[in-house]
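Hello,

Here is the structure I promised to pass on to you. Please have a look at it first, and then read my notes underneath.

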Amino acid sequence: MAISVLTAFWAVSMLFVITPGADWAYAISAGMRGRWVMPAVAGMLSGHLLATLVVAAGVGSLLAGHPLALTLLTLAGASYLLWLGGNLLLSPAVPQAANAGAGETGARWAFKGFCISGLNPKVFLLFLALLPQFTDPQSNWPLPLQILLLGLVHLCSSLVIYSLVGYGAKAVLGSRPQAARWVGRASGAAMVLVALGLFAAQLG
């Protein structure tokens with residue numbers, strides 16, 4: 001694939017990644033819990049990787065042609081985001097509580113991150129609409145391999161930005177419990193708004 005194509009896709013991918021949304025809210029929440037940033041980010045990236053593999057395998061076009069499947073995926077993702085956001089609103093993360101997170105594990109944070117991105121139909125539909133546009137039918141590379149490469153470029157961008165967001169939240173809010181509480185509530189509200197938007201799209 002031409003470097004110019006990869007560069008163009010990277011620019012578009014970055015615009016998507018730097019836009020605050022549910023992923024940002026989750027990264028901030030993980031940052032305020034202290035040591036869970038990388039498991040949370042890894043979980044979200046695994047959801048993006050799943051979307052990439054689905055599109056590369058050609059399954060994406062089949063699913064997109066079945067409205068019921070997309071509706072069920074949307075409702076599942078919206079319900080999960082609503083649950084997470086509601087919990088953050090009611091019990092925002094406080095830095096001092098980071099070491100007292102009974103029952104919290106890296107695997108649990110990774111799983112929740114996977115659900116946030118893996119159950120988000122907007123991620124899937126974006127990849128379905130975006131990735132094929134940057135492929136070259138005349139290339140010596142097979143189409144699925146081109147899509148996979150583009151997906152990996154996106155994963156690299158996401159890794160950098162989400163890590164910066166998570167560790168930035170930890171550094172800035174680590175000694176400011178009151179500010180951290182408000183940011184935690186704002187993150188929860190962001191998740192709730194995204195969930196309500198997904199519900200509204202299905203009812204509209």
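Below is what I found, starting with the whole chain and ending with two helix pairs.

Please keep in mind that this is a predicted model. The protein chain has nine helices and zero strands, so its pattern along the sequence is simply α-α-α-α-α-α-α-α-α. Of its 204 residues, 44% are buried. Among contacts with a separation of 6 or more, 87% join residues 24 or more positions apart. The accessible surface is about 10,000 Å², and carbon and sulfur atoms account for 73% of that.

Helix α2, residues 22-32, is a good place to begin. How many of its 11 residues are buried? The count is 10, so α2 is largely enclosed by the rest of the structure. The buried ones are Ala22, Asp23, Ala25, Tyr26, Ala27, Ile28, Ser29, Ala30, Gly31 and Met32. After α2 comes Gly34, which has a positive phi, near 100°.

One partner of α2 is α8. Their axes lie 7 Å apart, at an angle of about 45°. That angle falls outside the parallel, perpendicular and antiparallel ranges, and α2 is therefore oblique to α8. The crossing is right-handed. On the α2 side, the contact is made by Asp23, Trp24, Ala27, Ile28, Gly31 and Met32. These meet Ile161, Tyr162, Val165, Gly166, Ala169, Lys170 and Leu173 of α8. By type, the contact has nine nonpolar, two polar and two charged residues. The spacing of such residues is easy to follow if you recall that an α-helix has 3.6 residues a turn, so residues three or four places apart point the same way.

Helix α8 (residues 143-173) also packs against α3 (residues 37-56), with axes 9 Å apart and an angle of about 160°. Angles over 145 degrees count as roughly antiparallel, and α3 and α8 are therefore roughly antiparallel to each other. Here, too, the crossing is right-handed. From α3, the residues in contact are Val37, Met38, Val41, Met44, Leu45, His48, Leu49, Thr52, Leu53, Val55 and Ala56. From α8, they are Pro144, Ile147, Leu148, Gly151, His154, Leu155, Ser158, Leu159, Tyr162, Ser163, Gly166 and Tyr167. This contact comprises 16 nonpolar, seven polar and no charged residues.

If you want a spot to start from, try Tyr162 and Gly166 in α8: both appear in the contact with α2 and in the contact with α3.

Best wishes

How values were computed. Residues are numbered from 1 along each chain as its sequence is written. This is a predicted model: local features need pLDDT of at least 70, side-chain atom pairs count only at pLDDT 80 or more; totals for chains, interfaces and linings use all residues. Side-chain values use heavy atoms; hydrogens and water are left out. Axes are lines fitted to C-alpha atoms, for helices over the stretch in contact, and angles run from 0 to 180 degrees between N-to-C directions. Helices (H or I, at least four residues) and strands (E, at least two) are DSSP runs, numbered from the N terminus. Angles under 35 degrees count as roughly parallel, over 145 as roughly antiparallel, 65 to 115 as roughly perpendicular and the rest as oblique. A crossing is left-handed if the near helix is turned anticlockwise from the far one by less than a right angle, and right-handed if clockwise. Contact means heavy atoms within 4.5 Å. Ala, Val, Leu, Ile, Met, Phe, Trp, Tyr, Cys and Pro count as nonpolar, Asp, Glu, Lys and Arg as charged, and the others, Gly among them, as polar. Buried means under 20% relative accessible area, exposed over 50%, partly exposed in between (1.4 Å probe, protein chains only). Accessible areas come from the Shrake-Rupley method with a 1.4 Å probe; for residues, only the protein chains shown count as cover.
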